[in-house]
Amino acid sequence: MKRARHLDDLLQNWEFDPSSLNVRLIKGGDKRDVIQMRVDMGVLQLETTGRPDGELIEGSESYLQHLQMVRLENPDYELTDEDCNEIDREFMQFYHRRICWLRLQFYHRAVMDADHTLRLMDLCEELSEDPEWISSHEQYRPFVLFHRTQAEALGELEENTPEEAIQAINRGLETLRAFFVKHEAEEHFDEDELIVRLVDLRESLRNEYSVGQTLRERLDAAVQEEQYELAAKLRDELTRRETH
């Protein structure tokens, strides 16, 4: 009997909801975990490890890894048009998987995929001679950092303490501020939508879990106010916590 190639049954049994991100984690044919995302006119299937499409790039698990190997062999290597196209493909694949991990509440996996994208952005900036192409990707760095910060904070809340979650947001905000400073846009920092959303998340965690200033915030305030004896005690306590 000829095997059906259509997706009718799959699509009929999984209705698309335009108001929500439709994602599930299921078993593949060989019992491996795969992610499926229901989109308007079909289904995307993503691998949970390596590249989301499961491809190897000349033996490397990703195009990022491939370019890192190329650069080791040729430190003066410049990106070709083919490289740029493949990089764009990888950016999009990791974006899709990152939002899937967030939806599935696999927060550490979302952090890992965000870090992959950020490293790929860094490498693009180093290897490309086209400022417009670099800028076309750099404009999305705050969005990737937002996802990373959100995921790290929710992971800390799930596995550690609300204070650690708040501190993860503070670290993310510091990284985002550095981006705004680098691009001479610091005056827009406080009003940026992504920044506002992270600050709202941080303050909602403070209120819900009755968290005052974190230890790191108290240390920063003591240094700023030149209370060096208090700062030393707080630094010792912070070190003690981080080593246990």
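This passage walks through the fold, the sheet, the helix packing and the cores of a predicted model.

Some ground rules come first. The model is predicted, with local features needing pLDDT of at least 70 and side-chain atom pairs counting only at pLDDT 80 or more, while totals for chains, interfaces and linings use all residues. Residues are numbered from 1 along each chain as its sequence is written, and side-chain values use heavy atoms, with hydrogens and water left out.

On the broad view, the protein chain holds 10 helices and three strands. These elements are DSSP runs numbered from the N terminus, with helices being H or I of at least four residues and strands being E of at least two. Read from the N terminus, the order is α-β-β-β-α-α-α-α-α-α-α-α-α. Along the principal axes, the C-alpha atoms fill a box of roughly 80 × 50 × 35 Å. Of the 244 residues in the protein chain, 40% are buried; that word means under 20% relative accessible area, with exposed set at over 50% and partly exposed in between, using a 1.4 Å probe and protein chains only. Contacts (heavy atoms within 4.5 Å) can also be sorted by sequence separation: among those between residues at least 6 apart, 52% join residues at least 24 apart.

The strands come next. They make an open sheet of three in the order S1-S2-S3, with antiparallel pairing, where two strands count as paired if DSSP finds at least two bridges between them. The edge strands, each pairing on one side only, are S1 (22–27) and S3. From one strand to the next, the twist averages 30°. S1 and S2 are antiparallel over six bridges; along that pair, Lys27 sits opposite Asp33 in S2, and Asn22 has Arg38 in S2 as its bridge partner. The hairpin of S1 and S2 has five residues between the strands, and Lys31 there takes a positive phi near 70°. On the other side of S2 (residues 33–39), pairing with S3 (residues 42–47) is again in the antiparallel sense and runs over six bridges. Just two residues make up the hairpin link from S2 to S3, and Val39 stands opposite Gly42 in S3.

Then there is the helix packing. Two packed helices are described by the angle between their axes and the distance between the axes. For H4 and H5, the axes come within 9 Å and cross at roughly 165°. Axes here are lines fitted to C-alpha atoms, for helices over the stretch in contact, with angles from 0 to 180 degrees between N-to-C directions. H4 and H5 are therefore roughly antiparallel to each other, given that angles over 145 degrees count as roughly antiparallel, under 35 as roughly parallel, 65 to 115 as roughly perpendicular and the rest as oblique. Their crossing is left-handed, a label used if the near helix is turned anticlockwise from the far one by less than a right angle, with clockwise giving right-handed. At the H4–H5 meeting, Met121, Cys124 and Glu125 in H4 face up to Trp133, Ile134, His137 and Glu138 in H5, with which they are in contact.

Met121 in helix H4 is worth a second look. Its relative accessible area is 4%, so Met121 is buried. Not counting residues up to four places away in sequence, Met121 touches Phe91, His137, Glu138, Tyr140, Arg141 and Val144. Met121 and Phe91 lie 30 residues apart in sequence, yet their C-alpha atoms are 8.9 Å apart in space.

On to the cores. A nonpolar core is a set of buried Ala, Val, Leu, Ile, Met, Phe, Trp, Tyr and Cys residues joined through side-chain atoms within 4.5 Å. The largest one has 36 residues, and Leu79, Ile87 and Trp133 touch the most other members. Two or more residues each come from H2 (63–73), H3 (81–104), H4 (107–127), H5 (131–138), H6 (141–159), H7 (162–182) and H8 (193–209). H7 supplies the largest share, eight residues. A second, separate core has 12 residues, including Val23, Cys100, Trp101 and Leu102. As for Trp133, its contacts beyond four places in sequence are Leu79, Cys84, Ile87, Asp88, Cys124 and Ser128.

Finally, there is Arg202 in helix H8. Arg202 counts as buried, at 16% relative accessibility. Leaving aside neighbours within four places in sequence, Arg202 is in contact with Ile166, Ile169, Asn170 and Leu173.
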